[in-house]
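Here are a few friendly notes to read alongside the model. Keep the 3D view open and look up each residue as you go.

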Amino acid sequence: MKCRKCGAEIKENEAMEAYGQTVCEDCYIDMAAKPKTCDPWAVYSAKNLKNTESSLTKMQSAIVDYLKKNGPTPPENLTEDLGLSMDEFEREMAPLRHMEKVRAQLREGKKVICLW
Ligand SMILES: [Zn+2]
């Protein structure tokens, strides 16, 4: 089955239900952390998936390096330190998630970004 939000392939036992849609764990966490109904970058990242290669962009490497140094970090701090807007950050994050480099987690109800 496929995540309704980002189009990622998900195993039956990993599927989560959010707002009546079947989504992967990452999207579920996103939706739980900041509920919103309209999400233009989901389309972008789904399209982008097909182009995903094992090589990282400069910014993606920077995100991975940052997390190696700093550990799990709330996205606001990460974007501030790397000089990214939240939209730019989400675009970099989508391929990183699907390459299983970086993921989002909920810690005490707050979203943090950490290494896979
Ligand atoms: Zn998803």
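1. Which residue follows α3, and what is the sign of its phi? The residue after α3 is G71, and its phi is positive, near 75°. Keep in mind that this is a predicted model.

2. Now look at the helix itself. Helix α3 runs over residues 58-70, which makes 13 residues. At 1.5 Å a residue, α3 should span 18 Å, and its end C-alpha atoms are 18 Å apart, so the two agree.

3. Next, see which way the side chains face. Q60, I63, V64, Y66 and L67 of α3 are buried. They cover an arc of only 160° around the axis, which puts them on the same side of α3. An α-helix has 3.6 residues a turn, so residues three or four places apart point the same way. On the other side of α3 you will find K58, K68 and K69, which are exposed.

4. What do the buried residues of α3 pack against? Their partners are two helices, α4 (75-82) and α5 (86-98), and two strands, β3 (102-107) and β4 (110-115).

5. Then turn to the metal. The SG atoms of C3, C6, C24 and C27 coordinate the zinc ion at 2.3 to 2.4 Å. Because the four donor atoms subtend angles of 102 to 117° around the zinc ion, the arrangement is tetrahedral.

6. Along the sequence, the zinc donors follow the spacing C-x2-C-x17-C-x2-C. Distant parts of the chain are linked here: C3 lies in the segment before β1 (16-18), while C24, 21 residues apart from C3, sits in the loop between β2 (21-23) and α1 (25-33).

7. Are C3 and C24 buried or exposed? C3 counts as buried because its relative accessibility is 4%, and C24 counts as buried at 7%. The cut-off for buried is under 20%.

Terms used: Residues numbered from 1 in each chain as written. Predicted model: local features only at pLDDT ≥ 70, side-chain atom pairs only at ≥ 80, totals over all residues. Heavy atoms only, no water. Helix = DSSP H or I, 4+ residues; strand = E, 2+ residues; numbered from the N terminus. Expected span 1.5 Å × (residues − 1). Buried < 20%, exposed > 50% of the residue type's maximum accessible area, 1.4 Å probe, protein only. Arc of directions from axis to C-beta. Contact = heavy atoms within 4.5 Å. Donors = N, O, S within 2.8 Å, 3.2 Å for Na, K, Ca; no water. Tetrahedral: all angles 85-135°; square planar, octahedral: opposite > 155°, others 65-115°.
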